[in-house]
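User: I would like a close look at one part of this model. Please keep it brisk.

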Amino acid sequence: MDEMRARITKDGIRIYEDADFVGMRIAGRSAAEILDAVAPLVVPGITTAELDDFITAEIARRGVTSATIGYKGYKHASCISVNHVVCHGIPGAKVLADGDILNIDVTVIVDGWFGDTSRMYVAGALARKSERLIEVTHEGLMRGIAAVKPGNTFGDIGHAIQSYVESQRMSVVRDFCGHGLGRVFHAPPNVLHYGRAGFGPVLEEGMFFTIEPMVNLGRPETKVLSDDWTAVTRDKSLSAQFEHSVGVTATGCEIFTASPAGKFHPTWG
Ligand code: MF3
Ligand code: CO
Ligand code: CO
């Protein structure tokens, strides 16, 4: 390992060591495999509670730990956000209908390392406007990831996402952001999905964080329902989100949560 890298930056961002990438790779892969495994169950007629039950069982079967059960009083192994739900949808009695789009977000802990990822699914047939929203959101995430390399800034990541999404006449949610992670779930910095090129903390090799843009077909404003978790678009427009956990390398970044089955995007695999 590189002794100089075991430190916290002036922005409070932990710099991890080479060996720590191994732990993140294992945790990220576990979370991604769980999202791969749930895909065939996403069909019209199933409830979001049934999808969460499957995820809970998968987590147990693998001998890993859910990071969300017990987190700030949250009781489920996943967040499932359907249609105009932006994020933090609580699994429950909702029955999926043909054409519903949904984000499933899973975070697991493996040997103390956190793997956090989410992706979009569709129940039944994917409508044209939903497909475009999903495509633009996925492309926004990938453009943000492409901006991850030492010397760039967090503002470069946000700018890459925002400029692309707005060029497609969709909006980036401001009320929720990505986050540092590693041996903790949520750590500095706040990873904004909008911003100005050249602004914000400078990226360094050994930083671990998520990028998880939420994109709306309508306006960016959200509100949280009375359950204190479910965030929805104020204008009821459709919303989509994709999330990867990444680590900054010498030349770019490693995606810890890539789909082993090649199913990260709902029209793939
Ligand atoms: N996995 C979410 C994230 O991307 C956090 C979910 S917290 C919960 O940061 F309590 F709502 F599960
Ligand atoms: Co996250
Ligand atoms: Co997440």
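Which residues of strand β11 (residues 208–211) lie on one side and which on the other, and are they buried or exposed? Please follow the strand's pairing too, and then turn to the cobalt ion (ligand 3) and its donors.

Analyst: The model is predicted. Start with strand β11, residues 208–211. Phe208 and Thr210 sit on one side. Phe209 and Ile211 sit on the other. All four are buried, so both faces of β11 are covered. In a regular strand, side chains alternate between the two faces of the sheet.

Next, the pairing. β11 runs antiparallel to β16, and four bridges join them. Phe209 has Val246 of β16 as its bridge partner.

Now the metal. The protein donors of the cobalt ion (ligand 3) come from Asp105 (OD, listed twice), Asp116 (OD) and Glu243 (OE). They lie 2.1 to 2.3 Å from the ion. Six donor atoms surround the cobalt ion (ligand 3), and their angles span 58 to 169°. The arrangement is therefore irregular: octahedral would require opposite donors over 155 degrees apart and all others between 65 and 115.

The donor residues of this ion follow the spacing D-x10-D-x126-E. Distant parts of the chain are linked here: Asp105 lies in strand β6 (residues 101–110), and Glu243 in the loop between β15 (239–241) and β16 (244–248). These two residues are 138 residues apart. Asp105 is buried because its relative accessible area, 12%, is under 20%. Glu243 is buried as well, at 0%.

Last, the neighbouring metal. The cobalt ion (ligand 2) is 3.3 Å from the cobalt ion (ligand 3). Asp116 coordinates both.

Conventions:
Residues numbered from 1 in each chain as written. Chains lettered and ligands numbered in written order. Predicted model: local features only at pLDDT ≥ 70, side-chain atom pairs only at ≥ 80, totals over all residues. Heavy atoms only, no water. Donors = N, O, S within 2.8 Å, 3.2 Å for Na, K, Ca; no water. Tetrahedral: all angles 85-135°; square planar, octahedral: opposite > 155°, others 65-115°. Buried < 20%, exposed > 50% of the residue type's maximum accessible area, 1.4 Å probe, protein only. Pairing = 2+ DSSP bridges.
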